[in-house]
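Biologist: Before I go back to the bench, please take me through this model one question at a time.

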Amino acid sequence: MPRLDLGDCVSAPIIEACALSYHTDGRCLIDGVSLAVNAGEVVAIVGPNGAGKSTLLGLLAGDLQPTAGQVMLNGVPLARLPASAQALQRAVLRQRISVTFPFTTFEVVMMGRAPHLRGRAEGQADIAIVQEALAHTEMLPFARRLFPTLSGGEQTRASIARILAQQAPLLLLDEPTAALDLRHQHAALCLARATAHKGGAAIIVLHDLNLAAAYADRIGLLHQGRLVAIGVPWEVLRAEVLSDVYGIPVTVCPHPHTGVPLLLTFPDHQSLLA
Ligand SMILES: Nc1ncnc2c1ncn2[C@@H]1O[C@H](COP(=O)(O)OP(=O)(O)O)[C@@H](O)[C@H]1O
Ligand SMILES: [Mg+2]
């Protein structure tokens, strides 16, 4: 009986960073990071301020060119994919939102359809997709409002609606929850989980380690440009490692309802002031 070689059946990771490094201004911001994310996965990237999280996401998104190593998107080197092809495969929520022109919220979300329109005028189907994305983020009442007049959290939700309208299977999200209230933090991460459930994937930079534990299949801990740990939440969220990396005492216990790691800080004011 012929042996089934499972290697032939396993598809390429949806995105893969292969020994990525990035240097600028004489500094090494990303140092030999390798990471493969498969369809169906949500991976959180955590780490202190300045660890290199946004730089890594910028490399994965093709905003920055690596000094060494490469990014593969669905098995193809990113450098060989035209921007239009990349935009159909991945949607990016950058840390800094740079819409300063007086576009309406509806127009900003419609920008997510650009890779599909390719110059043609938007049709009824595009309008329906934009309205659905606005509904998912509870932004329908703001559709006619000028984007620059929205609050920080509302701008984030409109930007999440924009990437939903893009309908890309891979989401790259840089601190999507930073400006969001509790309810919308959970809603945003549920949308990422739903994308993974439909066969896509999401890489999400998060500061809130409890949200990472609750929503990510795996967590990557970045410290000084290096991926110092990657694995399921219980493998990565270890008190001694986190206390060391963040420089603050933490304790980790099982969440009383879900059993995922729950982080608690107990600041030692004396040592923080020292
Ligand atoms: N263009 C640049 N030139 C010099 N340093 C930079 C540049 N971009 C980012 N950095 C520095 O690189 C480090 C990592 O930045 P970043 O990836 O934005 O960190 P994070 O998102 O983890 O907070 C920070 O110390 C930042 O100041
Ligand atoms: Mg950042």
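Biologist: What is the span of helix H8 from its first C-alpha to its last?

Modeller: This is a predicted model, in which local features need pLDDT of at least 70, side-chain atom pairs count only at pLDDT 80 or more, and totals for chains, interfaces and linings use all residues. Residues are numbered from 1 along each chain as its sequence is written, and chains are lettered from A and ligands numbered from 1 in the order in which they are written. Helices (H or I, at least four residues) and strands (E, at least two) are DSSP runs numbered from the N terminus. H8 takes in residues 182-197, 16 residues, and its span is close to the 22 Å expected at 1.5 Å a residue (1.5 Å times one less than the number of residues); the value reached is 22 Å.

Biologist: Within what arc do the buried residues of H8 fall?

Modeller: A residue is buried if 20 or more other C-beta atoms, placed from the backbone, lie within 10 Å of its own, exposed if 12 or fewer, and partly exposed in between. In H8 the buried ones are Ala188, Leu189, Leu191, Ala192, Thr195 and Ala196. Taking the directions from the helix axis to the C-beta atoms, these residues line one face of H8, because they fall within an arc of 145 degrees.

Biologist: Which residues on the other side of H8 are exposed, and which elements do its buried residues pack against?

Modeller: On the other side, the exposed residues are Leu182, Arg183 and His197. For packing, two residues are in contact if their C-beta atoms, placed from the backbone, lie within 7 Å. The buried residues of H8 pack against strand S3 (42-46), helix H6 (124-136), helix H7 (152-166), strand S7 (170-174), strand S8 (201-205) and helix H9 (209-215).

Biologist: Which elements do the buried residues of H6 pack against?

Modeller: H6 has 13 residues and reaches 18 Å, close to the 18 Å expected. Ile129, Val130, Ala133 and Leu134 are its buried residues, and they line one face because they fall within an arc of 135 degrees down the axis. The face turned away from that side carries exposed Gln124, Ala125 and Ala128. The packing partners of the buried residues are helix H4 (105-110) and H7.

Biologist: Is Glu138 buried, exposed or partly exposed?

Modeller: Glu138 lies in the loop between H6 and H7. Its phi is near 55 degrees, positive in a residue other than glycine. Most residues other than glycine have a negative phi. With 14 C-beta neighbours inside 10 Å, Glu138 counts as partly exposed.

Biologist: And Glu175, is that residue buried or exposed?

Modeller: Glu175 sits in the loop between S7 and H8. The phi of Glu175 is also positive, near 50 degrees. Because 20 C-beta neighbours lie inside 10 Å, Glu175 counts as buried.

Biologist: Which element gives the most residues to the shell around ligand 1?

Modeller: The shell takes in residues whose C-beta atom, placed from the backbone, lies within 6 Å of the molecule. Those around ligand 1 are Thr24, Asp25, Arg27, Leu29, Gly47, Asn49, Gly50, Ala51, Gly52, Lys53, Ser54 and Thr55. Strand S2 (27-37) and helix H2 (53-61) are the elements that give two or more. The most, three residues, come from H2.

Biologist: Which strands lie at the edges of the sheet S2-S1-S4-S5?

Modeller: Strands pair if DSSP finds at least two bridges between them. These four strands form an open sheet with antiparallel pairing. Within it, five bridges join S1 (residues 15-24) to S4 (residues 68-73), and Cys18 has Gln70 as its bridge partner in S4. The strands that pair on one side only are S2 and S5 (76-77).

Biologist: Which residue in the hairpin of S9 and S10 takes a positive phi?

Modeller: S9 (residues 218-223) and S10 (residues 226-231) run antiparallel and are joined by five bridges. One of the pairings is between Leu221 and Ala229 in S10. Two residues lie between the strands, and the positive phi, near 50 degrees, belongs to Gln224.
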